[in-house]
Amino acid sequence: MADSNKIFKSLQDHTETPPPGLYAKLWKKIKTIVQDNKDLPGTISLPAETTDTLKALTEEQQIWKGLQDYVDIENTPPAFDLAKIQEALSDNKNTTAPTRKRSQRILLYGTAAAAVVTGIIFWVFTNIASPAEEPVKISNSIQNRKADTIITSSATAAAINKQDSKPGKQTNKPASTQQNRNVILPRNTSETNTAIVDNDFFYTLTNFSLPEANSFLESMKKNRKISVNSYSYVNVSDKMASLLKQMYAVNRRSKYTWKARRVKARLNRWKKDDAKYFDNGTKKNPLDVLDLSGFLLNNKQ
Amino acid sequence: MKISSSILLIILSLCSTGIRAQPGAGIAVSNNKNNNLTIVYDISISSNNKKAGIEEAYNGGIKTVMLQNGKARIRLVSLMRIQSLYFFTKDSALTKVLITKESGKKKYKYQLSAADWKRHNAKYDSITYSLLDETKSVAGYTCKKAIITVPGENKEVIVYYSTELKPLDNYIEPLFAGIPGVVLQYVSETTNGNISFTASKISFEPVDENLLQEPTSDYVQKNYDAPVR
């Protein structure tokens, strides 16, 4: 049998369809031989039902019927194992859950990535885009430094002008007023001496140009006292100092950062609240400790 | 003998007037020492907020009380605002009070008569004082403790006052009108934090007379509207 298999294998690439009715003719020939020669053993005789069945089949079908008992010993299929089949089926079912998880993870990461990209775009837009606002120009009137406003007029403490709030921008002012702008916060003195514009610290301190703000912040690290004149000064608290530092933080393009603008907006909001509380008639007075504590600590603003 | 007894009588009468003049508030600044008086108070605010709030704009500010030749001024300087109270007298009687805001674009001043000022501070009419024996040194002066209770506001203010300095006139600090001395430290405590004013400098040197003059230019005159209590 083994040899015959080899023959079939080697011939499988050279198959040729036999002419139709060949197989039937062969059987017919064999039958007649058997019938004519009675001496031959009846080993070739087929069972009656088989013969009937063969008669019923077409010739081609009969050929395939004859081959159905063929067994390839070398390439035997694996033994039928129902447990293995079931296990394989169950594995197929289980693979659906990880797939679902993976798709969920992809969705999550995708959403996060989209959020990050949106955030970066927003940050870039807010920090790089230059607003088309006109620079704020405040008159540098000498009247601000009259005696009754108690601002020192000494040569060393020249006025800081309220000017462009955007860093890196300079306002075009006459040379005579430029002189007054430059001398701020002399570093050779133990105290930080400066005059204020409009007698308002927030207008003064929060509207420095960038170089002025930097020198102010450097000076403030050493000495947190701002002298208004020989009678008045302000100590800057730690929290306030860090807030002012945040307010002048700039990005690589020397523009105020988004956080800096936010801090400034917060300061302006405080200022509005303060004005609403204390400038609304004479009902409340910041010099009255009860009014002041009511406003600052009891959140009455 | 008659001469010596009359001298003794004169001395005794002088002593008695001195004793009567010392205690109590409302004595006009007549003493040479208090004629020129400047007290600088440092303002310190501590709140329960972890982040910087609006109180930080006042924290570190100063309040200066200046007295000179019958005029007085109280000035608050902070990062948020500069505000002053001016007091003008005639024959030791209050004639005019000015409330001014010196900072910002819109400077203003309110002019109040003595009656207006009294009405403005009506909330302090019913305050009570508890004088305690506890002492503390503030700006080099030994101070006694007192607790001021303001019933209308339901608040308490803890003060430390020095009897070595003559009390200020009642109208300057109406809250301290019943304190038998000059308050050198006071604290207002709330559940959210506290505000303290502590004297850091006391001077008897004269100040620039311009500081006590009424501000004229750049100020918008506003009408006083009496607070509704």
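**Notebook: a predicted two-chain model**

I began with a loop residue: Ser254(A) is found in the loop between H10 and H11 of chain A. I kept in mind throughout that the model is predicted. The phi of Ser254(A) came out near 60 degrees, which I noted as a positive value in a residue other than glycine. I set this against the general background that most residues other than glycine have a negative phi. I then checked the surroundings of Ser254(A) and found 11 other C-beta atoms within 10 Å, so the residue counts as exposed, the limit for that class being 12 or fewer.

**The helices on either side of that loop**

I next looked up how H10(A) and H11(A) lie against one another, and found that their axes come within 7 Å and cross at roughly 130 degrees. That angle makes the pair oblique, because it falls neither in the range of 65 to 115 degrees, taken as roughly perpendicular, nor over 145, taken as roughly antiparallel. On the H10(A) side I listed Leu243(A), Gln246(A) and Met247(A), which meet Lys259(A), Ala260(A), Val263(A) and Lys264(A) of H11(A). Sorted by class, this contact has four nonpolar, one polar and two charged residues.

**Where chain A touches chain B**

I asked how many residues of each chain are in contact with the other chain. I found 40 residues of chain A in contact with 55 residues of chain B. On the chain A side, the elements that give two or more residues are helix H8 (201-205), strand S3 (233-235), helix H10 (238-247), helix H11 (258-278) and helix H12 (289-296), so I noted that H10 and H11 of the previous entry appear here again. The largest share of that side, five residues, comes from H12(A). By class I recorded 19 nonpolar, 11 polar and 10 charged residues on the side of chain A that touches chain B.

**Chain B and its sheet**

Turning to chain B, I recorded three helices and 12 strands, and of the 229 residues in the chain, 34% count as buried. Among contacts in chain B between residues at least 6 apart in sequence, 47% join residues at least 24 apart.

I then traced the strand order and obtained an open sheet of 12 strands, S7-S8-S9-S10-S11-S1-S2-S3-S4-S5-S6-S12 in chain B, with mixed pairing. Which strands stand at the edges? They are S7 (128-138) and S12 (220-222) of chain B, each with a single partner strand, so one side of each is left without a neighbour in the sheet. The twist from one strand to the next averages 20 degrees.

**Pairings checked one by one**

I followed strand S9 (155-162) of chain B to strand S10 (182-190) of chain B, and found them antiparallel and joined by six bridges, with Ile158(B) opposite Val187(B) in S10(B). S10(B) also pairs in the antiparallel sense, over six bridges, with strand S11 (193-203) of chain B, where Glu189(B) has Asn194(B) as its bridge partner. A hairpin of two residues joins S10(B) to S11(B).

Elsewhere in the sheet, I found strands S3 (71-77) and S4 (82-90) of chain B in antiparallel pairing over six bridges, and there Arg75(B) has Ser84(B) in S4(B) as its bridge partner.

**A loop residue in chain B**

Last, I looked at Asn69(B), in the loop between strand S2 (62-68) and S3 of chain B. Its phi is near 50 degrees, a positive value in a residue other than glycine. With 12 C-beta neighbours inside 10 Å, Asn69(B) counts as exposed.

Conventions. Residues numbered from 1 in each chain as written. Chains lettered and ligands numbered in written order. Predicted model: local features only at pLDDT ≥ 70, side-chain atom pairs only at ≥ 80, totals over all residues. Contact = placed C-beta atoms within 7 Å. Helix = DSSP H or I, 4+ residues; strand = E, 2+ residues; numbered from the N terminus. Nonpolar A, V, L, I, M, F, W, Y, C, P; charged D, E, K, R; others polar. Pairing = 2+ DSSP bridges. Axes fitted to C-alpha atoms, helices over the stretch in contact; angles between N-to-C directions. Buried ≥ 20, exposed ≤ 12 C-beta atoms within 10 Å, placed from the backbone. Parallel < 35°, antiparallel > 145°, perpendicular 65-115°, else oblique.
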